[in-house]
Amino acid sequence: MHKKALIITYYWPPAGGPGVQRWLKFVKYLPDYNIQPIVYCPKNPSYPIIDESLTKELPKDIVILKQPIKEPYKLARLFSKKAASTISSGVIPKEKKQSVIEKVMLFVRGNFFIPDARKNWVKPSVDFLTDYIQKENIETIITTGPPHSLHLIGLQLKQKLDVKWIADFRDPWTTIGYHKKLKLTKASQLKHQDLELKVLNSADQLIVTSENTKREFEFKTNQPITVITNGYDTTISEKPKKDSKFTIAHIGSLLSERNPKHLWEALSELINENEAFKADFELKLIGVVSDVVLQEIYSHNLKDYTNVVGYVSHDDAIKAQMQSQVLLLIEIDSEDTKAIIPGKLFEYMISNTPILAIGPKDSDVERIIKSTNTGAYFFYEANNTLKSQILAYFNAYKENTLVTQPIGLKPYSRKELTKTLSELI
C-alpha cells in the first residue's frame with residue numbers, strides 16, 4: 001500500500017534551472033519505494049527561466065495541485081523589466097553599479113517581503129491544504145526552499161494538523177550570499193532569523209544539501225538533520241562527439257562575484273605564450289552571464305575567444321557537458337558559499353569531462369571533486385598552479401588522452417538519493 005507524501009514546492013516544470021530538478025527527480029523515483037508523491041505548486045508563477053523539455057519527465061499519473069499566486073515581480077516589471085528579471089534570477093549587480101531603481105527594488109524585496117517575494121502565498125496555501133490533507137489522510141508533508149516562505153506553509157500546517165513535516169533546504173536561509181545584498185534593516189534581519197529558528201526547531205526532520213549547511217544548522221537546532229545532495233540522472237543514450245576545439249565551458253549562471261580574475265589572466269597568458277593554445281582555445285559560456293564578468297573577461301583580451309551561448313534547455317546542457325573538453329565550475333569566494341553545491345556538479349562528474357573548479361577553501365565542492373577524482377580544485381588566489389593545470393589539460397587534449405577516471409559516483413545517482421529520502425518519509 002502506497003504511503004502519501006505531499007510536496008510543497010514553488011519551482012516545477014516548465015520552470016528551468018537547478019531548483020526544479022531536485023524534486024522532479026525525487027517525484028520520479030519515490031513510487032519505486034512505495035511512496036505516492038502529490039505535488040502542490042503555484043498555478044500562475046513568474047519563473048525567470050522556462051525549460052519546456054523538463055515537462056516530458058513528469059510521471060504520467062502524478063497528482064499535481066495548483067493554486068493561484070500573486071507575484072510582486074510582475075508588478076516590478078512595470079517599473080523596470082530588466083531590473084526585475086535580473087534580480088528575480090539571482091543576478092544582483094555590485095552596489096556601485098546599481099541603478100536607483102535597482103536599489104529601491106532590493107530594499108523593498110528585503111524589508112517588505114519577508115522572508116521572500118512569495119510570502120503572500122502562505123495563507124491561501126494553508127487554507128487550501130488544510131482541507132486537502134485531512135480529506136486525503138496525508139501523514140507527511142515536505143516543503144522545499146528557497147523560496148523559504150514555503151517553509152512557513154509547513155510551519156502553519158504542522159501547528160494546525162500535527163502532520164509529520166520534513167523541511168528541505170536546497171540553500172541556507174540567513175547565511176546565503178545574496179541575503180546580505182538585500183539592504184535589510186536591523187529589524188528585518190532579526191525577523192528573518194526568528195522565522196528561520198522557528199522552522200528549524202518545529203520541523204520533524206531537516207534535509208540539507210551539504211555537510212557545511214548541516215554543521216551550520218546544528219548550532220541552531222537539535223532536530224535531526226540529513227544530508228541529501230543533488231545528483232545525476234542522465235538519460236542520453238548516445239554520447240555526442242567532443243568539440244574539435246579546446247573548449248573550456250561554464251554551464252549555468254555566472255553571477256557578478258563569480259569572477260576569478262586569476263583564471264582570466266592565466267588564459268590570456270597562455271594565448272600570448274603558446275601558439276597552439278591560441279589556435280585551439282575557446283571559452284564557452286552557457287547560461288546567464290553578468291555584465292561585470294563579461295567586462296572582466298574582455299579586459300583580458302579574451303573577447304575573440306569567448307562564445308556566449310546564453311540559456312539552453314537541460315537536455316542541451318547535458319550534451320554540452322559531454323562535448324566540451326573541460327568544464328568550469330566557479331563559486332563565489334566567501335565563507336557563506338562553502339555550503340553551496342551547484343546541481344550541475346553531479347552531472348559534470350559523469351560527463352567524462354575533467355572539471356576545473358575555483359572556489360573558497362574547505363568547501364563541500366572541493367571535498368566531492370577530490371573524493372571522486374573528477375577534476376582539480378583551486379582557490380581564487382591561485383595563478384601559476386591554475387595555469388599549469390590548464391596547460392596539462394590542453395596537452396592531454398592534443399594527445400587525445402583528456403578523460404577522467406571517476407570513483408565512488410553511485411551514491412550521487414538520483415535513485416540512490418531518493419532511497420535515502422524514502423527512509424525519512
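# Exercises on two sheets, their cores and their rings

The charged end of Lys303 sits over the ring of Tyr298, 5.3 Å from the ring centre; that label requires NZ of Lys or CZ of Arg within 6 Å of the ring centre and within 35 degrees of the ring normal. Before we go on: this is a predicted model, where local features need pLDDT of at least 70 and side-chain atom pairs count only at pLDDT 80 or more, while totals for chains, interfaces and linings use all residues. Residues are numbered from 1 along each chain as its sequence is written, and side-chain values use heavy atoms, with hydrogens and water left out.

**Exercise 1. Work out the strand order of the open sheet of 7 strands, and find its edges.**

Step 1: Get the terms straight. Strands (E, at least two residues) and helices (H or I, at least four) are DSSP runs numbered from the N terminus, and two strands pair if DSSP finds at least two bridges between them.

Step 2: Read off the order, which is 3-2-1-4-5-6-7, with parallel pairing.

Step 3: Look at the ends. Strand 3 (63-67) and strand 7 (225-227) are the edge strands, each pairing on one side only.

Step 4: Zoom in on one pair. Strand 2 (residues 35-42) joins strand 3 over 5 bridges, and Val39 has Ile64 in strand 3 as its bridge partner.

Step 5: Add a helix. Helix 5 (residues 122-136) lies across strand 1 (3-8), strand 2, strand 3 and strand 4 (140-145), at about 150° to strand 3. Here contact means heavy atoms within 4.5 Å, and angles run from 0 to 180 degrees between N-to-C directions of axes fitted to C-alpha atoms, for helices over the stretch in contact.

**Exercise 2. Do likewise for the open sheet of 6 strands.**

Step 1: The order is 10-9-8-11-12-13, and the pairing is parallel.

Step 2: Strand 10 (306-308) and strand 13 (375-378) each have a single partner strand, so one side of each is left without a neighbour in the sheet.

Step 3: Strand 8 (residues 246-251) pairs with strand 11 (residues 326-330) over 3 bridges, and Ile248 stands opposite Val326 in strand 11.

Step 4: Helix 9 (residues 261-273) packs on this sheet, touching strand 8, strand 9 (281-286), strand 11 and strand 12 (355-358).

**Exercise 3. Which residues have the most contacts inside the largest nonpolar core?**

Step 1: A nonpolar core is a set of buried Ala, Val, Leu, Ile, Met, Phe, Trp, Tyr and Cys residues joined through side-chain atoms within 4.5 Å. Buried means under 20% relative accessible area, exposed over 50%, and partly exposed in between (1.4 Å probe, protein chains only).

Step 2: The largest core has 59 residues, and Leu6, Leu129, Ile153 and Phe169 have the most contacts inside it.

Step 3: Follow one of them. Among the residues that Ile153 touches are Ile8, Trp121 and Leu129.

Step 4: A second, separate core of 34 residues includes Phe281, Leu356, Ala376 and Ile390.

**Exercise 4. Classify the ring pair of Phe169 and Phe217.**

Step 1: Rings of Phe, Tyr and Trp (its six-membered ring) pair if their centres lie within 6.5 Å; planes under 30 degrees apart are stacked, over 60 edge-to-face, and the rest tilted.

Step 2: The centres are 5.0 Å apart and the planes are at 75°, so the pair is edge-to-face.

Step 3: Place the rings. Phe169 lies in strand 5 (residues 164-169) and Phe217 in helix 8 (residues 211-218), so the pair ties together parts that are 48 residues apart in sequence. Both Phe169 and Phe217 are buried.

Terms used: Lists of a residue's contacts leave out its neighbours within four places in sequence.
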